[in-house]
Amino acid sequence: MRKQHVTVVAAAVSTTLVAVAVGALIRRWKKRKEQELRQTRNMVKKFASECGTPVTKLWQVADDLVSNMKAYLDSSNESSTLNMIISNVASLPSGEEEGFFYGVNLQDTNLLILCARLGGKNKPISDLHREEISIPSNVLAGTSEELLDFIAMEIAKFVQAHPENEDGSFTKRKKLSFTLSYPLHKALPFSGTTFQRKSSDDPVELISFHFFILHVRQGLVKDLNRALKNHGMKMHVFALVDDSIGGLAGGRYYNRDSVAAITLGMTTNAAYVEPAEDVPSVLAQSPNSTELVISMEWGNFNSPHLPLTQFDVSLDAESSNPGNGIFEKLVSGKYLGEIVRRVLLKMAQETALFGGSVPQKLMTPYMLSTPDMAAMHQDTSEDREVVSEKLKEVFGINSCTPMAREVVAEVCDIVTERGARIAGAGIIGIVKKLGRIETRKSVVTVEGGLYEHYRIFRNYLHSSVWEMLGSDLSDNVIIEHSHGGSGTGALFLAAAQTQTPRGDI
């Protein structure tokens, strides 16, 4: 009996010790989790602070952009981070243009061909047709002649499928506008040459840069026209410009107060109208014009007031163009998802955000696209179900806590708000350069998937403009979505130039 009693006591003591040990382990686990949660929250808070864009900072960015624009146009000894390009567009639409027009938009490895009938600014676009064509890899890898021949062949097929008149004829010889969805100064994939400015404050090099762009552009226009002629096309390519200039043409067609156009998609750029008197004559390509259309190439803009973080610095250092494209790396769709991925990776490594091991795919650069990021950010379900689905789909994260899903959404919000508000500051900078903030209404056209499809990004951009201008002046800057959608700017340019004598181009 006594032996049995001792055994019972020993078992009880053993059970108590196990319970104590388990309790200690649970307490230690809870403490570690609380510490990781605290660390995660501190990282989010620090990141949000570093990405902060109060109105005072936004005005500093806008003022720096104005200074860079003035320095570049003055060709002075002042440094500018902009490589602005004065286009050879002789005139913008008046809104009175009518007729059937064709346009082409080159989107990296895709070709967008469009046609439509314009009936004046008081009538909607009609008979709009668009066809997106993927350029085969063997054509892209071939000679410039092969690529241009492919483009001309596709244009010929499109025109045959969508003729101006039922009998397939043209009412007059058509002018064709050609817009590009990436900066011209990076050199076209078929230009065969590039020009890299070594100094931002050398006036001689500035002029050389502009003549290089002019040479490349004129050469390509000539070659495109030759290819079109070889395919029996009675069309004349008159312009090869950034699609932001196309967006500006579309805005001007509907409103004479349209002064700028912004592209916010996978890349970003801005174009605006500058009084000819403020541009050195050596840079002006349309000497008889009272206003000149300028592609800002603003993706390369930089300012000490831009809210850069360690994640932006590492992204830039590991990019194909370190030290360049700083503004684009904060604003454009190509990079927003990558910044989010870098932040989440650091949290996974330091706070076990997604469990004890770091997901392998989370370590892969550019794994998170901005559309996937937007889907997570704009998830309104109670349990962030879309966030959970995207984390599994993109990174192979099969399960994560509700807290982790909230953190992911919050990081997306921080990155989006910063990018959109900085873009808004850029818009205000352009309008300020033109001296129109307090005196006149200005319309700015915006196009691109980032603006069109990312609702929260669009809302943040609008709110930044309103905050910067205040209730007294906010009505003076009107932001509109582009008319007709992406690429249609080429149609409006073609319409304007059809009214312009060929010798003026």
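Select Met266 first: with a relative accessible area of 52%, this residue is exposed, since the threshold for that class is over 50%. The model on display is a predicted one. Met266 sits in the loop that joins β7 (258–264) to β8 (268–275). Display its surroundings, leaving out neighbours within four places in sequence, and the residues in contact with Met266 are Glu328, Ser332, Gly333 and Lys334. Then add Leu450 to the selection: its C-alpha lies 7.3 Å from that of Met266, although 184 residues separate the two in sequence.

Next, select α10, residues 370–377. How many of its eight residues are buried? Six of them are, and the helix is mostly covered. The buried positions to highlight are Thr370, Asp372, Met373, Ala374, Met376 and His377. Around these buried residues, show the helices against which they pack: α9 (333–351), α11 (385–395), α12, α13 (449–453) and α14 (455–473).

Keep α10 in view and bring up α12, residues 402–433. Two packed helices are described by the angle between their axes and the distance between the axes. For α10 and α12, the angle is about 115° and the axes are 9 Å apart. The crossing of α10 with α12 is left-handed. To inspect the contact itself, select Met373, Met376 and His377 on the α10 side, and Val408, Ala409, Cys412, Asp413, Val415 and Thr416 on the α12 side. Coloured by character, the residues of this contact comprise six nonpolar, two polar and one charged.

Move now to Ser80, located in the loop between α2 (55–74) and β1 (85–86). Is this residue buried or exposed? Ser80 is buried, because its relative accessible area is 3%, below the 20% limit. Show the polar atoms around its side chain. A polar atom of the Ser80 side chain lies 2.9 Å from the backbone oxygen of Asn68. On the backbone nitrogen of Leu82, the corresponding distance to a polar atom of the Ser80 side chain is 3.2 Å.

Finish with the cysteines, among them Cys115 and Cys400. Cys115 has 0% relative accessibility and therefore counts as buried. Cys400, at a relative accessible area of 15%, is also buried, as the limit is under 20%. How many disulfides does a search of the whole structure find? The search finds zero, so no pair of cysteine sulfur atoms lies within 2.5 Å.

Technical notes
Residues are numbered from 1 along each chain as its sequence is written. This is a predicted model: local features need pLDDT of at least 70, side-chain atom pairs count only at pLDDT 80 or more; totals for chains, interfaces and linings use all residues. Side-chain values use heavy atoms; hydrogens and water are left out. Buried means under 20% relative accessible area, exposed over 50%, partly exposed in between (1.4 Å probe, protein chains only). Helices (H or I, at least four residues) and strands (E, at least two) are DSSP runs, numbered from the N terminus. A polar contact is a pair of N or O atoms within 3.5 Å; within protein, one must be able to donate a hydrogen and the other to accept it, and residues adjacent in sequence count only if both atoms are side-chain atoms. Axes are lines fitted to C-alpha atoms, for helices over the stretch in contact, and angles run from 0 to 180 degrees between N-to-C directions. A crossing is left-handed if the near helix is turned anticlockwise from the far one by less than a right angle, and right-handed if clockwise. Contact means heavy atoms within 4.5 Å. Ala, Val, Leu, Ile, Met, Phe, Trp, Tyr, Cys and Pro count as nonpolar, Asp, Glu, Lys and Arg as charged, and the others, Gly among them, as polar.
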